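User: I have a model open and I'd like to learn how to read it, one feature at a time. Can you walk me through it?

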Amino acid sequence: MKKFGIVISLLFCIVTLSASLRVEYNSQRTSEAIVTTTILGVDYFNVYELNKAFSAIIHVDVLDGRVNINLYNQQLIVLLESSYVKYHDKVYNISHPALQYKSKIMLPLEFITTLLPAVLPEHIRYHGGTVVADFPVDNSIRRIVIDPGHGGKDPGAIGYSKRHFEKDVALQVAKKVKALLEKELDVEVLLTRSKDKFVSLQSRTEFANKKDADLFISIHCNAHRNSKVRGIEVFYLSTAKTDEARAVEALENSVVYEYEGGSAAVQKYDDVALILADMAQNEHLEESYQMATKIQSHLVQATSARNRGVKQANFYVLRGAYMPAVLIELGFMTNPDEEKKLISSAHQNKLARSIVSEIENFKAKFDQMQ
Ligand SMILES: [Zn+2]
């Protein structure tokens with residue numbers, strides 16, 4: 001009889017300890033902590049900590065085994081599973097390799113304490129166990145506000161069946177967009193409401209401004225008295241508009257009259273707010289237009305919906321946003337077919353996927369231009 005060999009497997013026990021490295025800024029009182037992890041006796045940190053501490057723009061190309069890191073407008077390339085770092089046309093050697101560890105990209109701490117001070121001495125110094133760096137100027141997209149339209153006492157568009165409301169579809173899609181963005185991009189995603197509650201139009205953009213958001217996406221569903229009308233349209237803010245755009249604008253703005261205090265409230269939006277708000281959005285008009293166009297065509301392609309085009313309208317909710325802002329009408333609640341689709345989770349996933357893909361593209365382009 002054959003004896004079974006005894007296989008002794010040596011389990012590598014990787015002890016990980018969390019600690020941190022302090023980063024102070026020359027001209028600011030704030031500081032950041034780089035979280036470190038000990039892997040086989042060496043201090044490592046997650047590459048995205050560079051984003052937090054130095055506003056680095058990080059692009060990981062796993063297939064190529066490269067990590068592109070842009071810091072203070074300088075480009076460094078780290079090769080995965082190697083200890084080589086390329087900066088300009090020089091190659092530097094660090095004593096431990098960059099690793100993929102538990103699906104994270106980990107760099108040895110000496111990348112910050114030794115390599116960065118060597119290649120960027122004018123921006124980053126290291127002494128006495130602390131990093132002292134220039135406060136990073138960051139213009140990349142790092143915080144996105146998703147605004148599910150309506151809510152609470154304001155149902156928004158009411159479905160053909162009279163059983164479903166725009167406010168619920170908007171919230172469901174917004175939550176899906178948030179989840180996908182957080183999974184796929186290194187950004188913070190905030191919702192103007194995460195429950196079925198009323199939020200005034202003004203406080204939606206105020207929230208985005210206060211949070212210093214870099215993008216504002218308002219999610220809605222449309223309504224029309226003709227139940228045959230269908231399709232997707234994406235808006236960006238402008239006072240120039242077509243009659244049709246004006247009709248949707250009136251619909252979305254009517255919340256102010258209906259739920260925020262009648263004509264006095266409308267007046268409030270129309271006076272000072274308008275002037276300031278238009279100035280705020282004007283600066284981002286081109287970007288908002290670009291994003292609206294991309295989201296529109298991607299949504300139409302992904303869902304085969306009727307393409308109602310990209311439109312300009314003067315939405316209260318887009319006014320006053322100090323960032324690129326668009327408003328998406330995902331379809332008509334008043335069209336029986338579209339209502340059915342809009343309430344289905346599978347269709348909502350498609351819509352969310354499509355919006356997220358274009359936000360990702362927009363971010364990639366936008367960040368590169370910074
Ligand atoms: Zn709406």
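User: Let's start with Gln-290. Is Gln-290 buried, partly exposed or exposed?

Analyst: Keep in mind that this is a predicted model. To sort a residue, look at its relative accessibility: under 20% is buried and over 50% is exposed. Gln-290 is at 35% relative accessibility, so it counts as partly exposed. You'll find Gln-290 in helix H8. Its C-alpha atom is 9.5 Å from that of Tyr-236, although the two are 54 residues apart along the chain.

User: And Arg-306, where does that one sit?

Analyst: Arg-306 is in the loop between H8 and S17. With a relative accessibility of 49%, Arg-306 counts as partly exposed, because the cut-off for exposed is over 50%.

User: What does Arg-306 touch?

Analyst: Leave out residues up to four places away in sequence, and Arg-306 touches Arg-230, Gly-231, Ile-232 and Val-300. There's also a C-alpha to C-alpha distance of 8.9 Å between Arg-306 and Glu-233, which are 73 residues apart in sequence.

User: How much of the chain's contact network joins residues far along the sequence?

Analyst: Take the contacts between residues at least 6 apart in sequence: 68% of them join residues at least 24 apart. The chain has 10 helices and 18 strands, and 51% of its 370 residues count as buried. Its accessible surface comes to about 18,800 Å², with 53% belonging to carbon and sulfur atoms.

User: How do I read a nonpolar core?

Analyst: In soluble globular proteins, nonpolar side chains tend to be buried together. Here, the largest nonpolar core has 40 residues, and Ile-146, Ile-219 and Ile-355 have the most contacts inside it. Among the elements that each supply at least two residues of this core are strands S13, S15 and S18, and helices H3, H8 and H10. Another core, of 34 residues, lies apart from it; Leu-50, Ala-53, Tyr-72 and Ile-112 are among its members.

User: Which residues does Ile-355 touch?

Analyst: Not counting residues up to four places away in sequence, Ile-355 touches Val-173, Val-177, Ile-219, Ile-295, Leu-299, Ile-328 and Leu-330.

User: Now helices. Which residues of helix H4 are buried?

Analyst: In helix H4 (residues 201-210), they are Leu-201, Arg-204, Thr-205 and Ala-208. Then check how those residues are spread around the axis: they cover an arc of only 85°, which puts them on the same side of H4. Just after H4 comes Asp-212, with a positive phi of about 60°.

User: How many residues of helix H2 are buried?

Analyst: Eight of the 10 residues of H2 (residues 110-119) are buried, so H2 is largely enclosed by the rest of the structure. The buried residues are Glu-110, Phe-111, Ile-112, Thr-113, Leu-115, Leu-116, Pro-117 and Val-119.

User: You mentioned a positive phi. Where else should I look for one?

Analyst: Try the loops. Ser-103 has a positive phi near 60° and is not a glycine. Ser-103 is in the loop between strand S9 (99-101) and strand S10 (104-108), and at 76% relative accessibility it counts as exposed. Ser-304 is another non-glycine with a positive phi, of about 55°. That serine sits in the loop between H8 and strand S17 (307-313); with 67% relative accessibility, Ser-304 counts as exposed.

User: What about strands S11 and S12: how do they pair?

Analyst: Check the sense of the pairing, then the bridges. S11 (residues 124-127) and S12 (residues 130-133) pair in the antiparallel sense over four bridges. Val-131 in S12 is the bridge partner of Tyr-126. This hairpin has two residues between the strands, and Gly-128 takes a positive phi near 55° there.

User: Last one: where is the predictor's confidence lowest and highest among the elements?

Analyst: Helix H7 (residues 272-282) has the lowest mean pLDDT, 51, and helix H9 (residues 336-343) the highest, 98. Over the chain the average is 85, and 86% of the residues score at least 70. Be wary when reading residues 1-15, where pLDDT stays under 50 and the model has six contacts beyond four places in sequence.

Notes: Residues numbered from 1 in each chain as written. Predicted model: local features only at pLDDT ≥ 70, side-chain atom pairs only at ≥ 80, totals over all residues. Heavy atoms only, no water. Buried < 20%, exposed > 50% of the residue type's maximum accessible area, 1.4 Å probe, protein only. Arc of directions from axis to C-beta. Core = buried A, V, L, I, M, F, W, Y, C linked by side-chain atoms within 4.5 Å. Contact = heavy atoms within 4.5 Å. pLDDT = per-residue confidence, 0-100. Areas by Shrake-Rupley, 256 points an atom, 1.4 Å probe, with all protein chains shown as cover. Pairing = 2+ DSSP bridges.
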